[in-house]
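Please look through the structure shown here before reading the notes below. They are written for a student who is meeting such a model for the first time.

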Amino acid sequence: SSSAQESLVYSYGNFNAFAAKLTEEEVEKFSEMDGVVRVIPNHILKLHTTRSWDFLGLSQSNVGAQLQGDVVIGLLDTGIWPEHESFNDQGLGAPPSKWKGTCQGANFTCNNKIIGGRYYNSENWYYEGDLKSPRDSEGHGTHTSSTAAGERVGASYYGLANGTARGGVPGARIAMYKVCWSFGCGAADILAAFDDAIADGVDIISVSLGSEFPVPYDVDPIAIGAFHAMKYGILTSSSAGNSGPWPYSVSNYAPWTLTVAASTIDRKFVAKAVLGNGQAFTGLSINSFELYGKTYPLIWGGDAANYSAGASQDLSKYCITGSMNSYKVEGKIVFCEVLWDGTGVLLANGVGTIMADDEITDFAFNYPLPATQISTSDGEKILDYIKTTENPIATILLGETLTDYMAPYVVSFSSRGPNPVTPDILKPDLTAPGVDILAAWSPIAPPSIDWEDPRSVDYNIISGTSMSCPHASGAAAYVKAAHPDWSPAAVKSALMTTATVVDPNKHEDLEFAYGSGQINPAQAIKPGLVYDANETDYISFLCKQGYNTTTVRLITGDNSSVCSSTLNGRAWDLNYPSFSLAVEDGKQIDGVFTRTVTNVGSANSTYTVQMYSPPEFSISVEPEVLSFSTIGEKKSFTVKVGGGFISQQKITSGAIIWTDELEQYRVRSPVVVYNVLPGYTFFPPQISKFQKKPTTFHGPTTPSMHHKNGILGRN
């Protein structure tokens with residue numbers, strides 16, 4: 001009838017359903033009809049954002065797009081895919097007048113979003129898939145770029161995490177400096193990229209790569225490049241590395257860089273394995289494959305050894321690539337006793353894999369076939385089912401997301417302090433989201449941890465301090481847009497002193513995991529006070545660390561740089577936003593730190609200090625009140641940390657907090673105390689003129705289960 005036609009909204013074609021406007025009486029009538037499965041109200045759902053920036057409390061419009069458009073983020077990475085929708089330039093005007101960069105390569109075109117693109121390969125090594133242009137064939141650089149400054153776009157990974165993806169500063173410009181290839185990232189290329197980025201006119205440099213072992217500042221291309229950037233007013237944001245949770249594993253520890261750890265957001269990816277007896281086990285996985293509930297024969301990897309290839313049950317139970325017998329695996333789901341990339345089962349024509357492993361419990365991988373990673377205790381139950389059932393069967397359900405109520409916490413792979421070169425400088429500086437991050441991807445890069453995965457995606461979900469670094473880079477650009485005249489140290493200080501305090505009960509290693517806390521960009525534009533520093537301060541720091549005029553000049557590149565004194569000293573007077581006191585085992589806690597803060601808040605303001613310390617040590621500050629009459633005014637104070645003799649003391653921490661009388665500003669700095677071995681060398685011996693061991697720079701910093709080509713591990 002005509003009334004029915006007016007009520008009808010949709011008549012669906014792909015499934016037996018329709019939508020209509022119904023009265024409550026009609027709803028009741030339809031519900032009682034034979035053939036009607038269910039009558040469902042038209043719930044109003046909200047878009048699900050990709051979460052990380054919203055999780056940090058940074059809304060989409062805190063800083064005007066015009067201000068953002070004057071900021072340029074330069075990224076040293078694997079390249080970028082310029083045609084990606086995340087980099088459309090709709091609504092953006094011409095690049096800022098200061099910009100002097102260029103675009104290299106015949107197959108690479110810039111726009112008003114991506115305003116620069118260069119590539120560097122000093123070794124002239126090009127493997128299969130490497131592109132001789134700034135174009136990205138690995139996905140990593142596209143991912144980091146969009147995380148920092150990507151435009152707002154609808155995004156998902158095969159329907160997972162469906163919502164709006166955006167960078168921290170969608171209005172900012174991007175310049176890509178491609179220094180990383182399938183074999184790694186050359187030190188010469190890194191320095192060249194820094195050199196060009198400085199000359200081109202970037203405002204923030206984002207570096208999601210680092211050395212695989214501690215190196216002195218004067219042979220570290222990132223430290224050297226970042227020092228030069230600092231001289232020109234450019235802050236370098238760098239990843240802490242993925243060698244956690246081991247102590248002294250943090251990389252990019254120079255005090256003039258921002259060192260970023262990786263932490264979780266309130267979303268995790270899981271996939272369920274369901275057995276024929278009805279048991280269901282939830283495991284970690286970004287599973288994009290839908291088996292539609294169909295069950296398949298389930299076997300144990302140990303029963304499918306490829307003896308002809310020299311494998312044994314002891315090897316095939318782990319489903320290692322090449323160890324599986326395809327005659328026994330084909331068409332089946334395989335239970336494996338270790339976390340692997342799934343290629344062992346895939347190449348043996350298996351349908352899917354259930355892996356039992358307790359090594360990784362706080363982030364997920366995406367695989368080239370249906371897969372999930374369960375606990376070893378659940379694995380024992382599955383193995384028992386296989387061995388006691390005549391025809392065991394199973395299925396793996398499509399991935400889903402769960403709310404992680406424990407977030408944020410620092411992920412296990414994130415590299416930890418203490419600082420391996422300068423123990424008086426706390427590293428990492430802070431933490432940012434770096435777990436299961438959805439962002440743009442190169443369509444020619446593999447979408448899973450299988451390097452030969454032939455599928456193509458526009459967005460991918462990966463983890464690493466490589467993902468947290470561009471969050472901090474975007475946050476730094478956000479602060480720079482609001483305060484274009486601030487120095488790199490001031491921007492860094494603002495991010496550190498306004499960071500959200502992370503729950504120490506979740507981290508045995510405390511600030512060695514998370515530094516000052518989780519970035520809070522919205523608060524960082526109004527820090528109240530900043531700890532500023534310049535080139536002269538850092539040169540003084542280096543001279544006290546055992547560097548001489550010759551080695552300092554290797555870092556500064558300036559023949560006027562001079563170490564006027566050869567006396568070594570602790571780094572307690574470097575104007576750093578955090579405090580670190582390393583005490584030799586058996587010695588007394590005793591440290592005196594001098595600091596100077598600059599007023600960037602209200603002109604007439606008075607700040608009072610609060611001190612928090614554990615039983616192991618005490619903190620005193622002199623003076624306890626700082627009064628300012630103008631913006632830009634500086635005030636100095638002294639922090640004394642004292643206590644008894646300590647031995648085998650793990651890290652313990654307190655804090656000092658400056659608060660103004662109106663409680664508009666809260667400037668927090670952590671204070672950490674920890675033991676080092678007797679005879680610890682606080683002033684590392686200088687490297688010889690000719691370095692015998694070559695410095696290898698890995699990148700991009702994403703965690704992996706294995707290494708590619710023995711050099712680069714990535715997700």
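What follows is a briefing on backbone geometry, cysteines, a helix pair and one strand residue. The model is a predicted one, and a search of the whole structure finds 4 disulfides. Alongside these links, the briefing takes up the cis peptide bond from Ala 407 to Pro 408, the contact of α16 with α17, and the surroundings of Asn 675 in strand β33.

**Unusual backbone geometry**

- As background to this group, most peptide bonds are trans, and most residues other than glycine have a negative phi.
- The peptide bond that leads from Ala 407 to Pro 408 is cis, and its omega is near 0 degrees; Pro 408 itself belongs to the loop between β21, which covers 400-402, and β22, which covers 430-433.
- A cis peptide bond also runs from Gly 417 to Pro 418, here with omega near 10 degrees, and Pro 418 is likewise found in the loop between β21 and β22.
- Ala 161 is not a glycine, yet it has a positive phi of about 60 degrees; the residue is placed in strand β6, which comprises residues 160-165.
- Is Ala 161 buried or exposed? Ala 161 counts as buried because its relative accessibility is 11%, and the cut-off for buried is under 20%.
- Glu 663, which is not a glycine either, has a positive phi of about 55 degrees, and its place is in the loop between β32 (652-660) and β33 (666-676).
- Glu 663 has a relative accessibility of 67% and therefore counts as exposed, given that exposed means over 50%.

**Disulfides and a cysteine without a partner**

- When the bonded cysteines are counted along the chain, the disulfides of the protein follow the pattern 1-2, 3-4, 5-6, 7-8.
- One of the disulfides is formed by Cys 180 and Cys 185, whose sulfur atoms are 2.0 Å apart; with 105 degrees about the S-S bond, this link is right-handed, and both Cys 180 and Cys 185 are buried.
- Another disulfide joins Cys 319 to Cys 336, with an S to S distance of 2.0 Å, and it is left-handed because the torsion about its S-S bond is about -90 degrees.
- Cys 319 lies in the loop between α8 (313-316) and α9 (326-329), while Cys 336 lies in strand β17 (residues 333-336), so this pair ties together parts that are 17 residues apart in sequence; Cys 319 and Cys 336 are both buried.
- Cys 543 and Cys 563 are also joined by a disulfide, with 2.0 Å from S to S, and the torsion of about -85 degrees about the S-S bond means that this disulfide is left-handed.
- The pair links distant parts of the chain, with Cys 543 in helix α16 (residues 535-544) and Cys 563 in the loop between α17 (549-556) and β26 (579-584), 20 residues apart; Cys 543 is buried, as is Cys 563.
- Why does Cys 469 not form a bond with Cys 180? The closest cysteine sulfur to that of Cys 469 is in Cys 180, at 12 Å, which is too far for a bond, because a disulfide needs sulfur atoms within 2.5 Å.
- Cys 469 is itself buried, with a relative accessible area of 0%.

**The pair α16 and α17**

- Two packed helices are described by the angle between their axes and by the distance between the axes.
- The helices α16 and α17 pack at an angle of about 140 degrees, and their axes are 10 Å apart, which makes α16 oblique to α17.
- The crossing in which α16 passes α17 is right-handed.
- On the side of α16 the contact is made by Glu 535, Ile 539, Leu 542 and Cys 543, and on the side of α17 by Val 552, Ile 555 and Thr 556; these residues divide into 5 nonpolar, 1 polar and 1 charged.

**Asn 675 and its surroundings**

- Asn 675, a residue of strand β33, counts as buried because its relative accessibility is 13%.
- Which residues is Asn 675 in contact with, leaving aside its neighbours within four places in sequence? They are Val 583, Glu 584, Asp 585, Gly 586, Ile 646, Ser 647, Gln 648 and Gln 649.
- Asn 675 and Thr 422 are 253 residues apart along the chain, and their C-alpha atoms are separated by 14 Å.

Note on methods: Residues numbered from 1 in each chain as written. Predicted model: local features only at pLDDT ≥ 70, side-chain atom pairs only at ≥ 80, totals over all residues. Heavy atoms only, no water. Helix = DSSP H or I, 4+ residues; strand = E, 2+ residues; numbered from the N terminus. Buried < 20%, exposed > 50% of the residue type's maximum accessible area, 1.4 Å probe, protein only. Axes fitted to C-alpha atoms, helices over the stretch in contact; angles between N-to-C directions. Parallel < 35°, antiparallel > 145°, perpendicular 65-115°, else oblique. Left-handed = near helix turned anticlockwise from the far one by under 90°. Contact = heavy atoms within 4.5 Å. Nonpolar A, V, L, I, M, F, W, Y, C, P; charged D, E, K, R; others polar.
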